[in-house]
Structures are given as structure tokens and as C-alpha cells.
Number of protein chains: 2
Amino acid sequence: MTTIKKKVLSDIEIAQQSTLLPIVDIAKKIGLTEDDVELYGKYKGKISFESIHKLKDHSEGKLILVTSINPTPAGEGKSTVTVGLGDALNRLNKETIIAMREPSLGPTMGIKGGATGGGYSQVLPMEDINLHFTGDIHAISTANNALAALVDNHIHQGNELNIDQRRVVWKRSIDMNDRSLRQIIVGLGGPVQGVPREDGFDISVASEIMAVLCLSQSIGELRKRLGQMVVAYNRIKQPVTVEDLGVEGALTLLLKDALKPNLVQTIEHSPALIHGGPFANIAHGCNSVMATKTALKLADYVVTESGFGADLGAEKFLNIKARAAGKSPDAVVLVATIRALKMHGGQSKEDLQIENLPALEKGLSNLKKHMETLEQFNVPFVIAINKFRADSDHEIHALIKWCENQNKKVSLTDVWAKGGEGGVDLAQKVLEEIEGNKKEFSPLYELSDSLQVKIETIAKKVYGASGVEYTVKARKQLEEFETRGWGVLPICMAKTQYSLSDDPAKLGRPENFTITIRELKPKIGAGFIVALTGEVMTMPGLPKKPAAFGMDVDEDGRAIGLF
Amino acid sequence: MTTIKKKVLSDIEIAQQSTLLPIVDIAKKIGLTEDDVELYGKYKGKISFESIHKLKDHSEGKLILVTSINPTPAGEGKSTVTVGLGDALNRLNKETIIAMREPSLGPTMGIKGGATGGGYSQVLPMEDINLHFTGDIHAISTANNALAALVDNHIHQGNELNIDQRRVVWKRSIDMNDRSLRQIIVGLGGPVQGVPREDGFDISVASEIMAVLCLSQSIGELRKRLGQMVVAYNRIKQPVTVEDLGVEGALTLLLKDALKPNLVQTIEHSPALIHGGPFANIAHGCNSVMATKTALKLADYVVTESGFGADLGAEKFLNIKARAAGKSPDAVVLVATIRALKMHGGQSKEDLQIENLPALEKGLSNLKKHMETLEQFNVPFVIAINKFRADSDHEIHALIKWCENQNKKVSLTDVWAKGGEGGVDLAQKVLEEIEGNKKEFSPLYELSDSLQVKIETIAKKVYGASGVEYTVKARKQLEEFETRGWGVLPICMAKTQYSLSDDPAKLGRPENFTITIRELKPKIGAGFIVALTGEVMTMPGLPKKPAAFGMDVDEDGRAIGLF
């Protein structure tokens, strides 16, 4: 007797074997007409401003936020759970839209992370979404670099605003992993080639414009936020803004289509709005308010996610985005995997397929901390165990039992292998939580708190730090920013995603540590103050063997080597 | 009695007052079905590879090339005549498609040139076409910069190919006018930030990838040409190509949609393929072969244009593109304006509205040279006088008479003010030329000629130079390139567009001058050798008051301040 082993298909194989519905059919499902959708090919569309204006008086559905424990190289599958949960809710006949971030192309050419889910819980067409999609990020790069060119041109053409070229803070950007552009000198070659100065490129999703776009609810708000961005300081150290340059209109024009949410579908034909994707360290790491709010008006349930673990993504969702959007989640899903918990408990990456109950138990401290954090925000939540093949029954049983002992709802999900079917139990538990919820959401700090109080609240309550230290520079900036009137803005922490602390090597639940704030960066257009802890990479590099080596396309334009 | 003066509308006002047909209706006019077109909104579409494959056995229509005298700041309106002639042919019930270049966004933010025609002879939606359009140029920038990052990553990660970082010839690119990026130093900041070296950005349309895309007729040809591009030289001065790096597949993948021609319409609903737009000095300056060939299979007549004057654009169309496409023009239209001819005759820009018959007569020498050039290629042509408001009746009469004395067909066109109606006479004369044509097109040189013979043929026969001088470097390169086997490629001259000579100040028809070849650049993917004469700008700068200052967008996403 021979056993036939089922071949495990790759994400792109599953995606390419799937049958898509025309996107206009998906639009009709959620009450939009053909005229409401601006098509980008047959399977992608942007929702027009006109149709969004028409939704003004619609009531809003329930919002479900997916977050996770601190990420490890083992993978958590937060996007996969987000997609699977949306599909599951639709299987239960709950009208649901998935609202996710759009991936950056740069990392696709390097080590592919993928933000389109995986297995049978993916959004499609994955090739397009992972490459140029509808051009949103290209528009952001263009607006970013138009502004950079306009700043340098201003200095070159006479510098009426008296900009100090040593204090230009607006960097150029590109959607590429390109370490050689991190630190550069521009304007070389003599007087007709501009004014020499030090500069650098960030990856486009780290541009403040990405954050601004994701927090704007109208063309008017977009223009206003763009105008407030600080690009440089003048010779008397006063900030110079986009409005001072007078180019906020031009930047808005370049972004007019990028502001419209993108409609696509999952493998199971659930509607998905994939729109905006700011970094989750240097920025707030959530999809656009425009997409989330539009989805809430069009569906009874909206499943969305935030970047990295709950200490970064969910904290920023709850303290920054929820405030900007005027909407907090009705329930949160906290994703954990047995593999990742074992890594937090000291298991090495190579041994993850080996059962290790003590490591699992030790790693639970990480999960526990994030549960405590969500409780402080007073939001109901369900723990989702995202199943991997190597998880042993003993491990699964131990984890479920632990959660139940904590008196917490937990669901074993298998959405990678089974699509929505694998998330039905999770969906039911989330619905129960929403039904029975009597809690009232409260952000962790008030906007009227000082910047220092905000930083210390996050560090102590979310990270579990014993205290916060400041460099001399950061301390001076705290004072300066309060004087400039920026103290009323929320804080956006830039911290490693791998640890609750600011040291990426400290897994699990570190204790007795302090957080060091090295520097603050004003993102006045985005409407937050970035507080930098350790080194934060805003321009990734390519690995020794970039994923690009395996990529190609056949004569009909079908992608090869995306995964 | 009051006289009511009719307000002269701007291009964008005329465009926004026009009613567009859904692009699927335009597609149907030329025999395409809804499924053949990948929509980008309601009014733009890309023609799918599948539908292009289906056209394989269709017969080809007649090709009409629009070129002009040497451009002056007075404007010639070549694109406007191209659009108007297409509309006029359709008015005469000749099935006609217009095949033009797509504009670069960078210059739109600086001093707007506009490549979408003007007045009532425009392609629409002009706002979209002048901004991000369907993302082709963004895809080109991305592929260009992915390659740059991969080259620097190769050097950083061990440099197996032994690339000499002082001899990396592949530059980065951006679709922006940004002089500060012309000469830069990258890779600063220590060992983890890459290898420091001198570098620079070109505007994206000057990237070899733009030329490659425009000369490729299939995914396979695109991949092959991309693979042949030279990116650097190694330590033993041998060329390193994209194939050596092994990333031609990834670049092709990034360009798969950009290779598909874009379908739009004119104000009068004529179909137009707007696709590709390489520089007309550092590259060959024509729209894509893919679009031209597709248009020829779909229509009886195709009107296309080449960049700058006939000395650059038409020469390259006829010696480079016609060879690559296997199709030469059935007729040429040579555009002149009275304003520009007067400038060639010494009239200053400020006095152009003043009648000046002697200046006009003197300036005719420029037109005369281009007529002689076209005769050498043995192509039939018609002279189009593109009417401007200030042209006096005397001037118009004198110009027409001069052309008739030369025994040349001439037509006074008024397509800016009247659309296709203003070009009907031109259309009829072009049709007569095509009908009566017994000439057989011949390129000016054979591919088997040496590079030096090719250069000297162009300089003498097209520019009217008495001879060619070479720098020591260029002379060495001529020898080197022949040794490498590159001598069989055509020459792409990089020369100022303002003069027949290599000195932009010499208007009219300069005589007794030599052309100096400073340097050669191998563009093996594009399939030509660039010969640089004077300084050629591959990265424009912004003016003191950039057009961006006047741009904005209203709450419904309608553009303001494009013109």
C-alpha cells in the first residue's frame, strides 16, 4: 500500500489556482454600484470620493482589531488570521469587510514578508497587491520627493525662508530596500547643481506622508495635514512647514487617487479594503482611517489589524488611530503561535518542530503581558492560536488550558490550511465577546498629559518598564516641543518589535528594565511625536540572496517567484 | 455697442469641459471587446497581452510620422498637430489611431511642457495622463532602482563579479526635476551602510529601461534586452550586465504591466495609444513599438510623433525605431510655426507678435534643411503650418507661397482652436501623398557601417556639419566598442535640440561647423550607442517659481492648476 502525501502548495500557487470574481460583483455585495468603483483591471478597484460622500449618514458596524504577541522569526500569521476571520464571519452570514494594510514593494525584492495573508486565507490578486498594486505607494514616493526637490530648489534659488541646510529634516524616499541610500551627500558638482548637504532616503512607507494619508478622512484634511509637516528649521531654529513653502496643494493633487480605498477580495470572495501601510515603529502601523471608516459604513463587521505586536501596533491603534478616527475596536483578537511562544521561552529557531512544554510555558509570559495591556485599555478580547503543522497535541492542549485558567476565551484556528472554515470557532467567540461586552474603552493617557507623562505611561503600562531615561538631547527636545505647542499630540514610540523592552534580544517578558529615549521627531502633519528608543531602521537593506533572483514572468504576464 | 470678446480657455478648462466616452466604447470602435481592455478607471485602459497576441495575423495600416523644425521657446505644437490630424482623419471616415508618448511627471511640477496636445486637440483625461497615468513610469523607476540596489548590494555582500565600484555606470532614477540629485555620494556611514561611491540620479524617462521598454515587442524580448544592459565594469574593465547579476526576470516582472499599451481618447473621441516616452537626446524619443504596432493592426491609419526636431526625433525614428519595428512611415508631416521660423530668423521672443517678413524668410533656412533631410530618407512629406493667433496674413501667405515654390505640399492647420476640423486639409494632403507615393524608404546608413561612419553620416547629412571631431576619450571608445562587437548597433546622437549644430545658440541653418563627440555610452539593452556632443542634461532642475505653486485639487478630486 502506498500513501499519497498531499503536496503542500505555496501561497502563490494557491493564489493562482483560485478563481476571482469581477470586483464589480464584490462591490455589489456591499451595496456599491458599478459607478462607485474606479477599476484597476478586472479585480481591483478604488472607491470613488462621490460614493464615500454618499455614505455620510450610514450607521457604523462593529470593529474587530487583530494584534499579536511580540513577533519572532517563527511567524505569527496575524494577516492570515485577519483574512481567515473575515471569511469565517461571512460564512456565518455576518456581512464583513476586511481592512488591511497594503504591502511595500521594496521588501518583496528582498526577504519576502508578505502582507496579503497566506495559504487559503489570502487577499487576491496577491501578485498585484505585492507589486505596484494601484500605485498608492508610488504616489506617496512622488509627493515625498516632489517636496524634497522643492525644498532644495528653494534653498538653491535664494532661500527666502532662510532655511538652514544643515537642518533640513525632510528626507527623500523610495519603495526599495537600498542601504546605500541611507546616508548620502546631495548637491555636489558646483553652483548650478544645487547646495551640497547631507541627506538620506527612507523607504517610502516610513515617509510622514504615508502616515498623513492614513489618518486623513477627506481631501481637505489631507491638505491641512500635509501643510503642517515640518521640513526644516531656519537659521533662528524655527520650524519651516510645507505651508510656508506653499506647496500643500500640489502634494494633495499628487495624492488625490492614493487617498481612495482599494477594494479587492479574499480567496473566498470576501470584500477587502487594502489601503495604506505606514511603518509600525516610526509611524502608527495601521491601514487608513479612510478605508476603515468606509468599511464600517458598508458592513456590519470590519476586521482590521495593526502592525507588529500589541505593545507597538495595538497601543498605537488605541492611543492614536482610534482617537483620529473617533472609533475604537468592539473586540480585539490577540494572535499567538506555539512556535513563537516557544521562542519566547528560549527554544531556538532550529528546534521549533520539537515538542517543548517547558519552553511553551515559559514563553506564555509574553502573551500574558499583552493580555494585561489590553485589559488596561478596557477592550474585550479573544486569544487566537494560529495552528502550525508541527504543533503537538500536548502543546495545543497545554496552551488552551492555560488560557482557560486565565478565564479568557481562546480559539484554535486553522485558517492557513482551511480558509474561513478554520476560523469559524474564533468568529463565534469574537461575536460572543462583542455581544456580551459592557466595557467602555479608555485610552491609556489623555492628550492634555505632557509628552513626558505620555512616554512614561506607555513604557510602564505597556512595556512593563520600571522607568524611562532620556538623553540630554531628548530632554531638551521635550521642553522645546512643549514650548512650541506640540505637547498636546500623542506619542508614537519607535521601539524594536522583537521585545517588550528596547533590547531586541530580551524575549519573553523582561523585567526590571528601563527604556531610553534618544531623540524625539515631530510629525506634526501626522499628528504625533515620534520617540526614538534604540536604533530604528527606516531603510532596510537587501540580503545576500535577494528574493529578486527567483522572480520572473511568463509571456502572458503571470508572475513567477513571488511567495 | 459693446463687443463681446470670447474668452480664450486654458487647456485644462477645455479638457474639463469635454465629455468623455467610457473607454470600453472607444475600444469597441477599434474592434476590441471589453475583455481585451484592463481598465484603469472609466477612461483609461491597458490592452491585454492576450488580445495583442490575437492580432498577430492582422494586416497593418499606414503609418504617419509627425516631426518639426528645431524647437524654439515660441512653441511648435507638434503634439497638438498629431492629435488634430488624427481627429481630422477620423472626420474623413478613415479609421485612425493616434500613438503618442506619455509625459513625464517631473517636468509637470516645474515648467509645464505638456505632451497631451493643446486647445481642442488634446488627449484625455489630461490630468491623469500628466500625473501618474497608469503607473508606467513609476514601474520604470522601480525597476531602475531595484537594479541599482541589487548592484550595490552585490558589491556590499562580497562582490563576486569583481565590480569596480568606480566604474558602476548604472545610475538611479526618479521622475522628478531634482538638480540636487545629479551628483551625489552614496553608501556613507560605515561598513553596514554599503560601499561609498559617486553616483547620481537621472530623470526616469532617461533610464535605459524606458528605451528598452519602448523597443520591446514581447515579454521575451523585454527580458532579453534588460539582460543585455551594461551596469558596470569589473576590475579587468570587462562589462558586467544584468544577466551576469541574474535579475533580468525580476526586472521583467516589475515591468509586465508597463509593457501593455494605454488606450485613451481625444476630445473628439478618437482612440489614442499613449505609451512610453524616452528622452529624445540620450535615447530615441519615440513612443513604444508595442503601441505603434498594435495600433497599426487595429486601424487603417496611425499618427505618431517623434521628439524634438527632425534632426533628432525623426532621424532616430527612421534609423533606430523603424528598424526595430520593421516598419517605416508611409508619410511624414513636418510642423513649422511662423513664430518659431521668425525666431530662427533672428526675431526676439518678446517681438513675436509683430509682423516680420524678413525674419520669417531668413528662418525658412531651418525648415529647408529638415525638408532636405526627409528627402534623403526618401519618405513623402507634407508641411503643416500650425496657426497661432498673432500670425499675420502676409506672413501666412508668404510661407505658403515659399512652400509651393519648393514644389511641396503645405497645409495651414488650425487644430488648437478648431480640433479635427482645423486639420482636415492637412489630412487630405497627407492621404494624397500616401496614395501617390512611389518612393522607397531608405535609412541613412547600414548597420554594418562602422560607428564612426554612422556618426559622420548623421552629422553631415542631417545636421549639415562639415566634419566631426572626437575627444581622446571618444576616439578610444570607438575602437573599444568595435572590439567588443558593439559596432553593429545604430547610433543615438545626444545633441541640443535647439540647433542643427551642437551649439544651442546657433539658430536657423548654421554652416561651416563641426560636431564634437565627447563620449560614447553603450546602451546594449536598448540596442544603440549614445554619442554625446555638448552637455546633455539627464536630470532637469526646477525653476524659481515651479508650476507646483499653483496646483491643487478640489474635494471631489478634480485637478486645479495643470495647464
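**View 1. Salt bridges across the interface of chain A and chain B.** In this predicted model, the rule finds eight salt bridges between the two chains. A good place to zoom in is the pair Arg172(A) and Asp178(B), which form a salt bridge with their closest N and O atoms 2.9 Å apart.

**View 2. Polar contacts and the make-up of the chain A side.** Widening the search to polar contacts gives 37 residue pairs between chain A and chain B, both partners at pLDDT 80 or more. Helix H7 of chain A (residues 136-156) is the one to look for here, as it supplies the largest share of the side that touches chain B, ten residues. Sorted by class, that side of chain A holds 35 nonpolar, 22 polar and 16 charged residues.

**View 3. The area buried between chain A and chain B.** Together the two chains bury about 6200 Å², and 59% of that lies on carbon and sulfur atoms. On the chain A side, Arg179(A), Leu253(A) and Glu555(A) lose the most area to chain B, together accounting for 10% of what that side buries. The contact draws 73 residues from chain A and 73 residues from chain B.

**View 4. The axis relating chain A and chain B.** Chain A superposes on chain B after a rotation of 180° with 0.0 Å of shift along the axis, at an RMSD of 0.0 Å. This is therefore the relation of a two-fold axis. To find the axis from chain A, start at Tyr40(A): its C-alpha is the nearest in that chain, 2.2 Å away. Both copies use the same surface, with 100% of the contact residues of chain A recurring in chain B.

Notes. Residues numbered from 1 in each chain as written. Chains lettered and ligands numbered in written order. Predicted model: local features only at pLDDT ≥ 70, side-chain atom pairs only at ≥ 80, totals over all residues. Heavy atoms only, no water. Least-squares fit on C-alpha atoms with pLDDT ≥ 70 in both. Contact = heavy atoms within 4.5 Å. Buried area = accessible area lost by both parts, 1.4 Å probe. Salt bridge = Lys/Arg side-chain N within 4 Å of Asp/Glu carboxyl O. Polar contact = N/O pair within 3.5 Å; in protein donor to acceptor, adjacent residues only side chain to side chain. Helix = DSSP H or I, 4+ residues; strand = E, 2+ residues; numbered from the N terminus. Nonpolar A, V, L, I, M, F, W, Y, C, P; charged D, E, K, R; others polar.
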